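Please look through the sequence and the model below before reading on. The briefing that follows starts with one strand and then moves outward to its surroundings.

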Amino acid sequence: MLARFTGGISPIALSLAYFDWAAHLAAAPQRQMEIIRQATAGISRLVQSALHYVSPEQSPWSLIKPQPPDRRFAAPEWENPPFNLVAQAFLLAEQWWHDATTGVRGVAPANEAIVEFSIRQVLDMMAPSNFAATNPEVLKAAFQSGGENFVHGWQNWCRDLMRALHPDRVAADQQEFVVGETVATAPGKVVFRNELVELIQFDPTTGMVHPEPVLIVPAWIMKYYILDLSPHNSLVRYLTSQGFTVFAISWRNPGAADREICFDDYRKLGVDAALAAISGIVPGHGIHALGYYLGGTLLSIAGAAMARNGDARLRSITLLAAQTDFTEAGELTLFINESQVAFLEDMMWERGFLDTAQMAGAFQLLRSNDLIWSRVSRDYQMGERAQPSDLMAWNADATRLPYRMHSEYLRKLFLHNDLAEGRHVVEGRSIALSDIHTPMFVVGTVRDHVAPWKSVHKINYQVDAEVTFVLTSGGHNAGIVAPPGEPGHFYQLMTKAADAPYVGPNEWVKAAPRSEGSWWPEWTRWLAARSGELSEPPRMGTGQEQDLPDAPGDYVHL
């Protein structure tokens with residue numbers, strides 16, 4: 001019951017963090033004086049600026065400028081008085097609170113991060129861009145439309161309310177994106193199915209293909225068609241056009257009856273079962289395996305277990321925005337401590353799974369300015385709607401997480417970091433990422449708030465293999481779905497041999513050359529160099545799949 005009012009955030013964990021910060025601040029009089037001096041100096045500067053604000057020598061943003069990622073005050077209307085002064089006053093307060101909640105000696109880093117993050121959420125909510133009376137863009141729209149923008153905003157709010165009350169209904173702005181009709185349209189067939197996955201084999205689009213197939217292992221918190229959105233940005237279609245046979249796992253969306261599905265079931269019934277099915281269709285050939293986000297973590301675990309057991313079926317491993325060490329996993333770790341995990345477990349126990357809304361809310365908080373408050377201003381005050389896209393429709397098509405699996409994942413990987421520290425057990429024995437000798441292609445994205453690229457980069461010192469690391473523009477999804485020909489993309493790439501010395505992320509980003517465009521062609525060239533000569537495409541399935549549907553299958557609709 002408490003979780004419904006807190007959005008799934010443990011109030012105990014939050015209280016402990018604030019007590020740690022407040023107690024140490026109370027015992028640090030010198031730090032208190034520094035904070036008071038900073039506040040006094042900021043107020044004095046603001047008053048002086050206000051007194052001379054109409055002076056022609058006074059230029060906009062003379063006190064403080066928004067940080068580059070902050071787009072709340074980017075419009076030229078914010079440079080006009082008095083709105084510019086209001087915005088600067090807010091930014092000064094934001095800066096002061098950041099300084100006040102950080103740098104207090106003795107506070108645990110995790111607690112300091114929780115306090116700073118939670119204060120930032122409150123400040124983001126109170127930003128002048130969120131209120132019509134202090135937002136010059138909203139006032140301009142109101143004057144120009146005679147207040148019609150507020151009418152449209154009210155209509156948008158009512159539609160969103162109805163959508164929240166009836167989540168099973170497809171929103172009108174997403175009806176043009178239908179799975180199997182306008183998205184997830186790459187032709188193929190389900191060639192294997194068990195209680196957890198469907199394995200899809202996609203039709204070849206070239207007369208000759210490389211003998212080694214590609215297996216895509218998506219995260220189970222997402223539908224697989226993030227890599228098969230529209231025809232123009234489908235990685236699946238791009239791979240088949242480059243002469244590769246492509247298979248993809250489509251996870252079943254679990255319900256309350258699946259509460260006891262464990263983390264290792266995703267390896268056995270997912271990766272291992274898919275590899276066995278592919279080996280039956282394309283016998284005698286290695287397999288290029290790709291894992292996206294949690295799918296990449298799972299693939300790393302499966303790859304380490306296979307290497308330990310002498311299983312050499314993997315020809316290469318590709319990880320997209322996937323972490324194998326969770327000590328610096330970004331702000332998502334703020335939701336992961338003993339108190340928070342226990343709170344989540346109690347919450348999941350009642351229903352048997354983690355609901356989609358709960359998970360989506362956590363991801364939205366990581367970028368609340370872009371994903372929450374900017375939308376409030378645009379949709380409800382400006383009366384506008386963002387142009388619907390295939391990526392937005394996919395993002396709304398979320399999945400649930402079984403109770404036991406998610407509990408084990410949070411505790412073993414996030415909380416205890418068992419995989420990175422050699423304690424993760426598969427089939428009764430520990431595995432080590434250092435057993436992996438298979439060539440790896442690893443992609444991180446510059447603006448990833450879910451899997452920060454410096455955390456992804458740690459794979460370079462964890463495995464005993466050649467690692468080609470790519471840092472690409474964009475965020476967690478937009479950086480991965482980056483088809484050739486789409487403007488605005490760039491990437492850096494550098495390869496480390498298995499016996500080469502380690503290069504840290506800060507040194508790497510300075511040394512790696514930058515290239516304009518998509519990283520997809522670079523990856524397919526890398527795959528082709530590790531594949532055999534072109535030959536006839538393999539058969540579709542084993543010929544015994546009469547009762548299985550065509551792509552995209554049945555599980556993707558659940």
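In this predicted model, strand S11, made of residues 440–445, is mostly covered, since six of its six residues are buried. The notes below follow this strand to its partners, then to the sheet as a whole, to the helices that lie across the sheet, and finally to a patch on the surface.

**Strand S11 and its two faces**
- Met440, Val442 and Gly444 point one way from S11, while Phe441, Val443 and Thr445 point the other way, and all of these residues are buried.
- This fits a general pattern, in which the side chains of a regular strand alternate between the two faces of the sheet.

**The partners of S11**
- S6 and S11 run parallel and are joined by four bridges, and in this pairing Thr318 stands opposite Phe441 of S11.
- S11 is also joined to strand S12, residues 467–472, by six bridges, and these two strands run parallel as well.
- Within that second pairing, the residue of S12 that serves as bridge partner of Gly444 is Leu471.

**The sheet as a whole**
- Ten strands make up an open sheet with mixed pairing, and their order is S1-S2-S4-S3-S5-S6-S11-S12-S13-S14.
- Strand S1 (188–193) and strand S14 (514–516) stand at the edges and have a single partner strand each, so one side of each is left without a neighbour in the sheet.
- On average, neighbouring strands of this sheet are turned by 20° against each other, if direction is ignored.
- An antiparallel pairing is found between strand S2 (residues 197–202) and strand S4 (residues 246–251), which share five bridges, and here Val197 has Trp251 of S4 as its bridge partner.

**Helices across the sheet**
- Helix H9, residues 263–281, lies across S1, S2, S3, S4, S5 and S6, and runs at about 150° to S4.
- Helix H10, residues 294–308, lies across S3, S4, S5 and S6, and runs at about 140° to S5.

**A nonpolar patch on the surface**
- Trp154, Trp157, Leu161, Met162 and Leu165 together make a nonpolar surface patch of about 530 Å².
- Leu165, one of the residues in this patch, belongs to helix H7, which covers residues 148–165.
- Is Leu165 buried or exposed? Leu165 counts as exposed because its relative accessibility is 56%, and the cut-off for exposed is over 50%.

Technical notes: Residues are numbered from 1 along each chain as its sequence is written. This is a predicted model: local features need pLDDT of at least 70, side-chain atom pairs count only at pLDDT 80 or more; totals for chains, interfaces and linings use all residues. Side-chain values use heavy atoms; hydrogens and water are left out. Two strands pair if DSSP finds at least two bridges between them. Axes are lines fitted to C-alpha atoms, for helices over the stretch in contact, and angles run from 0 to 180 degrees between N-to-C directions. Contact means heavy atoms within 4.5 Å. Patches are made of residues with over 30% relative accessible area and no salt bridge: like charges are joined within 9 Å, nonpolar side chains (Val, Leu, Ile, Met, Phe, Trp, Tyr) within 5 Å. Accessible areas come from the Shrake-Rupley method with a 1.4 Å probe; for residues, only the protein chains shown count as cover. A salt bridge is a side-chain nitrogen of Lys or Arg within 4 Å of a carboxyl oxygen of Asp or Glu. Buried means under 20% relative accessible area, exposed over 50%, partly exposed in between (1.4 Å probe, protein chains only).
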